[in-house]
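Biologist: Please take a close look at one part of this model and describe its surroundings, and then work outwards until that part has been placed in the fold as a whole.

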Amino acid sequence: MKFSSMMTFLYFDQFESATDFFESVLELEMVFDPGWARVYQTSGGAFLGAVDRSKGSVETEYKGGTLISLTVDDLEASFEKIKSYTPNTITEIKHFEDLGLKSFFFKGPEGYDFEIQMFLNDTLKLIF
C-alpha cells in the first residue's frame with residue numbers, strides 16, 4: 001500500500017473549546033470543516049482532527065493510550081507558549097539522548113496527552 005496522507009481524530013465533548021485550543025494555542029491551520037469536525041494540517045500530509053463526540057462516526061469512551069507528538073524547530077518558544085496555556089500539566093523539557101531529541105509533555109483539552117518535540121539529529125530531522 002502507498003498512503004498519501006495520515007489523519008488522527010480526537011473526539012471531544014466540548015468541541016468548540018477543543019477547536020479553540022487547536023487554532024489559538026497550537027496555531028494549526030484548519031483545512032476542512034463539515035460542521036461536526038474540523039481537520040487541521042500539522043505538516044505536509046499529516047492532519048489532526050477534532051470531532052464533536054455527539055456527532056462522530058465511532059463511539060468513544062476511553063481517551064487514554066494516545067500521545068499526539070508534534071515536531072517543531074524552536075522547542076523553547078513552543079514551551080513558553082504552551083506553559084502559559086497549561087501551566088499545571090506541562091513537564092520540563094527533557095533530553096532523550098538515545099532518541100536524539102528534546103521534548104516536553106502536557107495535557108490538552110479533555111485530558112488528551114500531547115508532546116512537543118525537536119529532533120537534534122540531522123538524519124532524524126530529514127525523516128520527521
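**Arg38 and its surroundings**

Modeller: Leaving aside residues up to four places away in sequence, Arg38 touches Phe15, Glu16, Thr19, Glu23, Met30, Phe32, Asp33, Leu48, Gly49 and Ala50, where contact means heavy atoms within 4.5 Å. The model is a predicted one, in which local features need pLDDT of at least 70 and side-chain atom pairs count only at pLDDT 80 or more, while totals for chains, interfaces and linings use all residues. Residues are numbered from 1 along each chain as its sequence is written, and side-chain values use heavy atoms, with hydrogens and water left out.

Arg38 belongs to strand E3, residues 37–43; helices (H or I, at least four residues) and strands (E, at least two) are DSSP runs numbered from the N terminus. Arg38 counts as buried because its relative accessibility is 13%, where buried means under 20% relative accessible area, exposed over 50% and partly exposed in between, for a 1.4 Å probe and protein chains only. The side chain of Arg38 makes polar contacts with two other side chains, that of Thr19 at 2.8 Å and that of Asp33 at 3.3 Å. A polar contact here is a pair of N or O atoms within 3.5 Å; within protein, one atom must be able to donate a hydrogen and the other to accept it, and residues adjacent in sequence count only if both atoms are side-chain atoms.

The strand that carries Arg38 is part of an open sheet of four strands with mixed pairing, in the order E1-E4-E3-E2; two strands pair if DSSP finds at least two bridges between them. Strand E1 (6–12) and strand E2 (29–32) are the edge strands, each pairing on one side only, and the twist from one strand to the next averages 35 degrees. Strand E4 (residues 46–52) pairs with E1 in the parallel sense over seven bridges, and within E4 it is Ala46 that stands opposite Met6. Helix H1 (residues 15–25) lies across E1, E2, E3 and E4 and runs at about 20 degrees to E3, with axes taken as lines fitted to C-alpha atoms, for helices over the stretch in contact, and angles running from 0 to 180 degrees between N-to-C directions. In the loop between H1 and E2 lies Glu27, a residue with a positive phi of about 55 degrees although it is not a glycine.

A second open sheet, also of four strands with mixed pairing, has the order E5-E8-E7-E6. E5 and strand E6 (94–96) stand at its edges with a single partner strand each, so one side of each is left without a neighbour in the sheet. E6 and E7 run antiparallel and are joined by three bridges; the partner of His95 in E7 is Lys102. H2 packs on this sheet, touching E7 and E8, and its direction makes about 10 degrees with that of E7.

The largest nonpolar core has 27 residues, among which Leu10, Phe22, Leu26, Phe104, Phe106 and Phe114 touch the most other members; such a core is a set of buried Ala, Val, Leu, Ile, Met, Phe, Trp, Tyr and Cys residues joined through side-chain atoms within 4.5 Å. At least two residues of this core come from each of E1, H1, E3, E4, strand E5 (67–71), helix H2 (75–85), strand E7 (101–107) and strand E8 (113–119), and H1 gives the most, with five. Among the residues touched by Leu10 are Phe22, Leu48, Ala50, Ile68 and Phe114.

Overall, the protein has three helices and eight strands, and 34% of its 128 residues count as buried. Its radius of gyration of 15 Å agrees with the value near 14 Å for a compact globule of 128 residues, the radius being taken over C-alpha atoms and the globule rule being 2.2 Å times the number of residues to the power 0.38. The C-alpha trace spans about 40 × 40 × 25 Å along its principal axes.
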